[in-house]
Amino acid sequence: MRETKWYIFLLSMIPILLYAENNSSDRPYLLQSSPCAPNICLINYDKMNREERLLAVSLQGLINRKQPRIYLRERLSDHLLNLYKEKGIIKKETEYSALLPLLKQYKEEITGAIIYDPRKTWTINLVSNIASVEDRIIISPHQLPQVEQAGISDIKDVKDFGFKNECEAFDWYMANIFPKQYHSILSVCGYEKMHDIYRDYLICFRIPTFWLPGKKDPDYNPEMENRIIRLWQKTPVNIPVIGFWPATKSGYEEYEGVQLAGKYGKFTIVNTWAGNYSFHSGTGNSEIKMLQRRRNEKKQFDPTRKYVALTMIESGDAIGYIQYGLGARQWDEPERGQVPISIGVTPAIQYLMPCYLEHLFRSATANEYFFCSISGAGYCYPLEQYASETQDRSKTLSEYFEKTATLMQKLDLSILGLYSHPNRMWDERDLHTVQNYILPQKQIKSILSDMGRCDGYTGKNANDMLNANTSVHHILTRWSTEAWPYDDCRYDKPAADWLIRKIREQGKEGNFLPVMFYSWHYGPRRLKIVKDTLEKEGYTFVTLDEFDRLFREATNRYN
């Protein structure tokens, strides 16, 4: 009897403990699973239909909460599965093509099931939130017999709640489910294949999940949008929103969605098409420093040369791209190491994919350099209304860049990628923001500004010293609107020729050219063509840290 009373007391304390956790100034940036089990279950995710996938990710999230034991086998993350085998993190695997055996195996760790309404897509996020706090799997009406066959009898059907519309359902959710969730991470998660796969992490860590239709979408509802905004107002500032705003056919556009959430102090951890984070996050610890790289002999500044830093400033903020795109388009290329490149990476990688981060750091050559992707702790627009709707914008901005500097220090990163404006140069307001909130952060030695060229910057004025310690380099190229698929070598020459032409145009003035290469079109194979062509014309290619050192040397020389 005494044990029962203590159990009831502890249950009653959960909301209070959650409230204290969510209001702590020392709350975690992102959450990590415990170390993975050496023997795991593989679910063949690629061969499943939509209903099976929702069941699979909800099952994975619940079971991996105690210890990661389930991995969704899908094409985009197979290379990570192989890496874990090589590292000895995974010692044995059992693959399942059907879910019934797994439901039977883990039924003792599942409270029950919750049925969504296939005719109302908005019920998917509703049941996802319910599943996260009630330890339920997500099923469609058609899967009920299979679940009952597995011995799972506690079934809830969202239809039985009798919600008249999405707004009424959301109000119920905020009153009954939201208080039991973790409030320092949010997720914008749509109703398509590209979003479903990362629900495992959301369910595992009880993360509030919502979707925001765009104003041109048929399901756009201003009353619902106001409810989402109130959710942002109820949660702490400077916290991540995992997912992404645009879907294939619906959602806010990228710029509008990132900006709207940013006004309320929410930055985006970009992710679609990739998941398994309830597993990946348990493959190592977050204390990973950039290892001492083998260095090329330091170059001396030569005023007759033009120095080019090839930088991947876009995509590195996307944890999804790092999972499925960075390896295929950059890291696994045989030409890697032959061309100096600098790659922006989000600090989220140290929490969500620590083993892969360590792999990148250990295998980097002297010609690879990492910097912090735009705009630090997450994708946001600090120079464009970030935190403008918070109670104290100045305090929020200060805390944001303090958080960014701390995360950069953990990874030994010293250069910050910064989103500025899509089409104009910095003005006095921007300088004020930079001077008051970024320059005080001693970890940030340099700023790589702009995601693409802004009219007005040239090789003559794109680089500057903001104070005695901190420099700024403005990107001088954009991306082409051409379709140059990277897996088709027939497009190598036209893609390389386009970038060569842009570098020549911007290189007419000045010695220092910060250049972006669009990660979807360029990798070491094409960049080597660019380098080999322009080196004959007096251009020298260097990593971003070497570029910054040479610029400072030149500046001191001329001063």
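Reading salt bridges and a sheet

The structure, a predicted model, holds 32 salt bridges.

Q: What can side chains of opposite charge do when their charged atoms come close?
A: Such side chains can pair. In this predicted model, one case is Lys528 with Asp532, which form a salt bridge whose closest N and O atoms are 2.8 Å apart.

Q: Where do Lys528 and Asp532 lie?
A: Both are in helix H20, which covers residues 524-535. Four residues separate Lys528 from Asp532 along the chain, about one turn of the helix.

Q: Which other pair is four residues apart in helix H20?
A: Glu535 and Lys531 are, and so they are separated by about one helical turn. Glu535 forms a salt bridge with Lys531, with 3.3 Å between the closest N and O atoms.

Q: How should I read the accessibility of these partners?
A: Take the relative accessible area of each residue and compare it with the cut-offs: under 20% is buried, over 50% is exposed, and partly exposed lies in between. Lys528 has 24% and is partly exposed. Asp532, with 29%, is partly exposed too.

Q: Is Lys531 buried or exposed?
A: Lys531 is buried, its relative accessible area being 13%. Its partner Glu535 has 32% relative accessibility and counts as partly exposed.

Q: Which residue forms a salt bridge with Asp430?
A: Arg424 does, and the closest N and O atoms of the two are 3.3 Å apart. Asp430 is buried, at a relative accessible area of 3%, whereas Arg424 is partly exposed at 28%.

Q: Which residues are linked in a network of salt bridges?
A: Arg73, Asp78, Lys85, Glu93 and Glu95 are linked in this way.

Q: Now the strands. Through what do the strands of a sheet pair?
A: They pair through backbone hydrogen bonds, and the pairing is either parallel or antiparallel. Here four strands form an open sheet, and their pairing is parallel.

Q: In what order do the four strands of the open sheet stand?
A: The order is E8-E7-E9-E10. Strand E8 (209-210) and strand E10 (266-270) are the edge strands, each pairing on one side only.

Q: How many bridges join strands E7 and E8?
A: Two bridges join them, in the parallel sense, and strand E7 consists of residues 186-188.

Q: Which residue in E8 stands opposite Ser187?
A: Thr209 in E8 stands opposite Ser187. To find the place in the model, start from strand E7, residues 186-188, and look across to the edge strand E8.

Conventions:
Residues are numbered from 1 along each chain as its sequence is written. This is a predicted model: local features need pLDDT of at least 70, side-chain atom pairs count only at pLDDT 80 or more; totals for chains, interfaces and linings use all residues. Side-chain values use heavy atoms; hydrogens and water are left out. Two strands pair if DSSP finds at least two bridges between them. A salt bridge is a side-chain nitrogen of Lys or Arg within 4 Å of a carboxyl oxygen of Asp or Glu. Buried means under 20% relative accessible area, exposed over 50%, partly exposed in between (1.4 Å probe, protein chains only).
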